[in-house]
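Subject: Structure handover, with notes on strands and salt bridges

Dear colleague,

I am passing on the structure below, together with some notes on how its strands pair and where its charged side chains meet. Please read the notes alongside the model.

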Amino acid sequence: MSDDESSTVRSAGGPSKPGSQSALRIRNQLRLTEQLLRGGPATQAELARLTGLSTATVSNIVKSMHQAGLVTLTATTSSGRRAHSVRYIGDSSIAAGIDFGRSHVRVVLANRSYEVVAERQIPLPPGHNATVGIAAAAKLLDELLAEKAIARSSLMGAGAGIPGPIDRRTGKVIQGAILPEWVGINLHERLKSALDLPVYIENDANLGALAQITWGAHTAVPNLVFVKIGTGIGAGLILNGSLYSGSIGVTGEIGHLTINESGRICRCGNRGCLETVASTATMIELLSRDRNHPVDVEDIVRQAKSGDSTTLRVLEDAGTAVGRALATISNLMSPDVIVIGGPLATLGELLLAPIRRGLLRHAVPVVGENTTLATSSLGPRSEGLGAVSLVFQHDADRHNT
């Protein structure tokens, strides 16, 4: 929250003493504002549930903030009833989200109203190193700022993610990343130096999970698993409404759960990991046999939608294996929703059906039956949007200390 907004909050009750009604109103408004900054637009009923404030208190605070020009109200429906979606518009700060992929980098710019103001993805050469990727991201960020006439001083920070584990203690990319050329670098320090901004980094699957509860269709879901199926397979975990990062920041390595103890050697050094039977790389290898040229992910999607029996069988085996791995996670945390992302998510039920069969076969019945499976509505934007949300969350935490 900016100094001007803080002044607006304080002036509502004048100088206040700890424990007074005016101090309580200020604390409640700060709590609601932090929720809007952290979680994005929400209805008043959702805000009451997420903040623990009464509906009457939320209504009064929202009315006051609307009059002060700090929020907008948009008519919507919630559980079949008329409602208003509350969106924070308190200042003009911009957050940058950077998604590093195996062969691309995407940069997203968004304001505190959770509106994307600029976005672009460019290709990177396969096997590129960190110097190339970071330089491309910095150049793309500068280009977007110039095109939209956004002052660099408006940038509050940049969030970034890569497809691989990052040691939270050191900021270094560690073994297991889809970008092996990046292993060992201090991504936090390298990005901070290149961008001259506060930088926050996460695994790409974690950012995908964060995007689902801030930008996607699951903003009111407290317990969610996001699974990205691509060249590698990773999961992001949302527990009680917050991203779970464990003790060192390495969580959700679902791609390295053992599915077949006699299976192929995985790049992690173990045998029979989920990635060896269900990644897009494995699917491409299987479907490229006896062909003049290798298939790609777009071919897999096209062939599956056209009913190609070989492609559907490969998806069946891969999906069932993913479902089995998800059963293990579900038995441990009993999520409300599991969201499937990555380049195959556009297949919808063709992908979800075998995953659901594997989940129901291996999960405790009551858990499997009460876990919703869905594909991500955010497409390839998930990780970049999640990186933007990461910046907003760190800013909200900073104002809460």
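The hairpin is a good place to begin: β5 and β6 form it with four residues between them, and Y114 in the turn has a positive phi of about 60 degrees. Helices (H or I, at least four residues) and strands (E, at least two) are DSSP runs here, numbered from the N terminus. Please bear in mind that this is a predicted model, in which local features need pLDDT of at least 70 and side-chain atom pairs count only at pLDDT 80 or more, while totals for chains, interfaces and linings use all residues. Residues are numbered from 1 along each chain as its sequence is written, and side-chain values use heavy atoms, with hydrogens and water left out.

Strands β5 (residues 104–111) and β6 (residues 116–123) pair in the antiparallel sense over seven bridges, where pairing requires that DSSP finds at least two bridges between two strands. Within this pairing, V107 has R120 in β6 as its bridge partner.

The hairpin also carries a salt bridge (a side-chain nitrogen of Lys or Arg within 4 Å of a carboxyl oxygen of Asp or Glu), formed by R106 and E119, whose closest N and O atoms are 2.8 Å apart. This pair links distant parts of the chain, with R106 in strand β5 and E119 in strand β6, 13 residues apart. R106 is buried at a relative accessible area of 10%, whereas E119 is partly exposed at 25%; buried means under 20% relative accessible area, exposed over 50% and partly exposed in between, with a 1.4 Å probe and protein chains only.

By the same rule the count comes to 17 salt bridges. Among them, R152 pairs with D142 at 3.0 Å between the closest N and O atoms; R152 lies in the loop between α5 (130–147) and β7 (155–162), and D142 in helix α5. D299 and R302 also form a salt bridge, again with 3.0 Å between the closest N and O atoms, and both lie in helix α10 (residues 297–305), three residues apart, about one turn of the helix. Salt bridges that share partners further join R120, K139, E143 and E147 into one network.

Elsewhere, three strands form an open sheet in the order β1-β3-β2, with antiparallel pairing. The edge strands, β1 (42–43) and β2 (71–78), each pair on one side only.

With best wishes
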